[in-house]
Amino acid sequence: MQILDPARHEPLAAAWDEAAARAAVRRIAADTLASVDADGWPVHPQDDPKAPGEHRHRLYDGAGGVIWALRHLAHEGAIAAVPAFDTLLDGIVERNAAALAAADRGSFFMGDTGLELLRWQARREPAALDRLQALLTAQLEHPSLEPLWSFPGSAVAAVHLAEQQGDARWRSLLEAALRRLQQTLITDPESGTPVWEQDLYGRRTRWLGAGHGLAGNVYLALRARRLVAPELLAPLVDAAYTTLAATALRGEGGAWNWHPMIDAARVAGRLPLVQDCHGAAGILARLADAPRTPAWDELLLAAGETTWRAGPLNKGPSVCHGTAGNALALLKLWQRCGDAVWLDRARALVAHALAQVETARTRHGHGRPSLWTGDLGVACVAWDALAGRGRLPLLDVF
């Protein structure tokens, strides 16, 4: 069975070199700092600006994510100290909110929640904590039931706050989010397994992957596992395994992949993706902390095998839908199983992603200043590859 689309990938064409990777991280940061203007960073052509000179402010692909990444890399010692970005942080929530529907302002990646967390981390203003509590509470009723816009994503802010700030209200919010996930599980009419049905972009879909679906939802439970009672985790983790095992497309040599959704009519005749937002790489990256059982080991190793066989994505180097995201998945597998082959494979993909960054910079005349769709995410993954670890930007570390 063919379980991936070779046309979306390209041969591996770069070799890992530690010194070159360190230099590339510094070069990405320097290019980003050199391109800032009074409003942040102009949207790169590959991010489909609505008009020339458009600026975005959110964490996912706007100024918020760029500021976070530069601060993170400086804190890690990857680059020199960076400016405080006080002028950009002033009003960043309000500028971003102007482009959002009221119901979506609680989004972690796209809305107020992530930006409020960023501003709190930079300034430690107590009022920001009250705003975050209100946002997270309201998000529990968001209908999309997925990580990009709804509470399975925004509640990650409560994880960070519980770890960094310690107030019991964040654990309470996490418990409420996990109970809400349990309450909204349904039985899929096609597979007969537990799923969530997303109400997203005017359509109801049972998504499976990291970007909008089951794996992204269960990531919240795994990320919160040290903060909440085990009985809030087990039903969600068990549901994930049951559904992913039932819906896996199984190829030769123990490789597994998944369509983006459970919907036989919509996926008929299509080959599934292998990237972070949909397919094996994202499922591995979100669920790598699942229990160490033979069943989970088989599933996650099979996802890793598919990710490696697919090779670099010809769409580009990004975390969300590019080569760096697939490298990150293999770094996660290395951390889980300790087999150095996965570290070597991850670093090979990182080297290719860094080469893709340079190729794109030459083609466009400048870098792509974005965290999840651009160069800053690649820099974060490359820095972690140097240390032999895998961390999802904003999610595993904030």
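What follows is a chat about one alanine, the cysteines and two helix pairs in a predicted model.

Trainee: Before we start, what kind of model is this, and what counts in it?
Mentor: It's a predicted model, where local features need pLDDT of at least 70, side-chain atom pairs count only at pLDDT 80 or more, and totals for chains, interfaces and linings use all residues. Residues are numbered from 1 along each chain as its sequence is written, and side-chain values use heavy atoms, with hydrogens and water left out.

Trainee: OK, where does A210 sit?
Mentor: In the loop between strand 4 (203-205) and helix 10 (214-223). Helices (H or I, at least four residues) and strands (E, at least two) are DSSP runs, numbered from the N terminus.

Trainee: Is A210 buried or exposed?
Mentor: Buried, because its relative accessible area is 4%. Buried means under 20% relative accessible area, exposed over 50%, and partly exposed in between, using a 1.4 Å probe and protein chains only.

Trainee: Which residues does A210 touch?
Mentor: Leaving out residues up to four places away in sequence, A210 touches P147, A215, G216, D276, C277, G282 and R286. Contact here means heavy atoms within 4.5 Å.

Trainee: C277 caught my eye. How many disulfides are there?
Mentor: The count is zero, with a disulfide taken as a pair of cysteine sulfur atoms within 2.5 Å. For C277, the nearest cysteine sulfur belongs to C320 and is 4.2 Å away.

Trainee: And is C277 buried or exposed?
Mentor: C277 is buried, at 11% relative accessible area. C337, at 32%, counts as partly exposed.

Trainee: Switching to helices: how do helix 13 and helix 15 cross?
Mentor: The axes of helix 13 (residues 280-287) and helix 15 (residues 323-337) come within 8 Å and cross at roughly 40°. Axes are lines fitted to C-alpha atoms, for helices over the stretch in contact, and angles run from 0 to 180 degrees between N-to-C directions.

Trainee: What do you call that arrangement?
Mentor: Oblique. Under 35 degrees is roughly parallel, over 145 roughly antiparallel, 65 to 115 roughly perpendicular, and the rest oblique.

Trainee: Which residues meet there?
Mentor: A281, L284 and A285 in helix 13 meet N326, A329, L330, K332 and L333 in helix 15.

Trainee: What about helix 2 and helix 5, how do their axes cross?
Mentor: Helix 2 (residues 63-76) and helix 5 (residues 112-123) have axes that come within 10 Å and cross at roughly 35°. In that pair, G64, I67, W68 and R71 of helix 2 meet L115, L118, Q121 and A122 of helix 5.
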